[in-house]
Amino acid sequence: MKHQEIESPEELRDAIQCFWYTSIDFGEHLSTFEVLPDGYAEIVFIFGSTCSISTPGGLQPLPSPFIMGLLGQPVILHATNHLQVIGIRCFPWTVFDLLGLKPGQDRVHVFKHPIARLQSSLSQLVQVGKIEEALEHVKQYFLNAREGIAANSLLFKAGVAMRKANGTLPVSQVAAAAHATVRTLERNFKQSTGYTVKDVSGLMRFEQVRNHLWLNPDANLAGLAHELGYADQAHLSRDFKRYTGTTPAAFARKVRKGKQTITEDFVAFVQA
């Protein structure tokens, strides 16, 4: 696996965390991998191999681009051969405004938008290995698009407070940081994301646990629970299982066994 990122420029940091590229060679046989929940929404472009999602009706090929929204559980994807991905990691309260789309709670959001015109030019750059140029191309698209979108200062202030506290602030304190009432904050947040402040805060806090265990699978769970503002270890374990379907101890054991082939900087994809 190859992965690289470029930081979002100052003009986009209230909306986009980073731009990234990942290349995975799955071989000829159909492989299964998970996308784990976190506190972001991703705009995703696919190149090379096709990528499919598991549905009750079977495997459904994904278009390019699509939005991977906020997840309450891992999403199971399938691919063969050489899959290459370019992603735009957005804050969930900005992704739909950036694209001018109506917010929703779909795990995978398929949409029609002028941004799809980038597929051809990005594909040409990716095919010849000009990855940094492809990422810069995407970045410039959003710099141009951002000029026509007024920033929501309330959501920006709320987002800064939530990220700084890693999702541990109660809604009342997030509202205070945004200089708004709880009711006003929740209304704006729901309109922009389709979710509540509590929903997103919970994912942010879980993401901290997941990342910590990824890098330090022998971490003391009781100490980690205290550090991240959980009531106790049992509370942390319940939240972790809610978002992953497994316990933090089982996740740590999987990391120790070295089944993953992913760099420390990228923990969204886990090959099954």
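Here is a short walk through one helix pair and some salt bridges in this predicted model.

Let's start with two helices, H7 (residues 197–215) and H10 (residues 248–256). Their axes come within 9 Å of each other and cross at roughly 35°, and the crossing is right-handed. If you look at where they touch, H7 brings Arg 210, Leu 213 and Trp 214, while H10 brings Pro 248, Phe 251 and Val 255. Sorted by character, the residues of this contact are five nonpolar, no polar and one charged.

Stay with H10 for a moment, and find Arg 256. Its side chain meets that of Asp 218 in a salt bridge, at 2.6 Å from N to O. Asp 218 sits in the loop between H7 and helix H8 (221–227), so this bridge ties together parts of the chain that are 38 residues apart. Arg 256 counts as partly exposed because its relative accessible area is 45%, whereas Asp 218, at 63%, is exposed.

Now turn to the strands, where another salt bridge joins Glu 42 and Arg 89 at 3.0 Å, N to O. This pair also links distant parts of the chain: Glu 42 belongs to strand S4 (residues 41–48) and Arg 89 to strand S9 (residues 82–90), 47 residues apart. Here both partners are buried, because Glu 42 has a relative accessibility of 8% and Arg 89 one of 9%, and buried means under 20%. Shared partners bring Glu 5 into one network with Glu 42 and Arg 89.

Finally, look at Arg 13, which forms a salt bridge with Glu 10, with 3.0 Å between the closest N and O atoms. Arg 13 is partly exposed at 35%, and Glu 10 is exposed at 57%. Across the whole structure, the search finds seven salt bridges.

Terms used:
Residues are numbered from 1 along each chain as its sequence is written. This is a predicted model: local features need pLDDT of at least 70, side-chain atom pairs count only at pLDDT 80 or more; totals for chains, interfaces and linings use all residues. Side-chain values use heavy atoms; hydrogens and water are left out. Axes are lines fitted to C-alpha atoms, for helices over the stretch in contact, and angles run from 0 to 180 degrees between N-to-C directions. Helices (H or I, at least four residues) and strands (E, at least two) are DSSP runs, numbered from the N terminus. A crossing is left-handed if the near helix is turned anticlockwise from the far one by less than a right angle, and right-handed if clockwise. Contact means heavy atoms within 4.5 Å. Ala, Val, Leu, Ile, Met, Phe, Trp, Tyr, Cys and Pro count as nonpolar, Asp, Glu, Lys and Arg as charged, and the others, Gly among them, as polar. A salt bridge is a side-chain nitrogen of Lys or Arg within 4 Å of a carboxyl oxygen of Asp or Glu. Buried means under 20% relative accessible area, exposed over 50%, partly exposed in between (1.4 Å probe, protein chains only).
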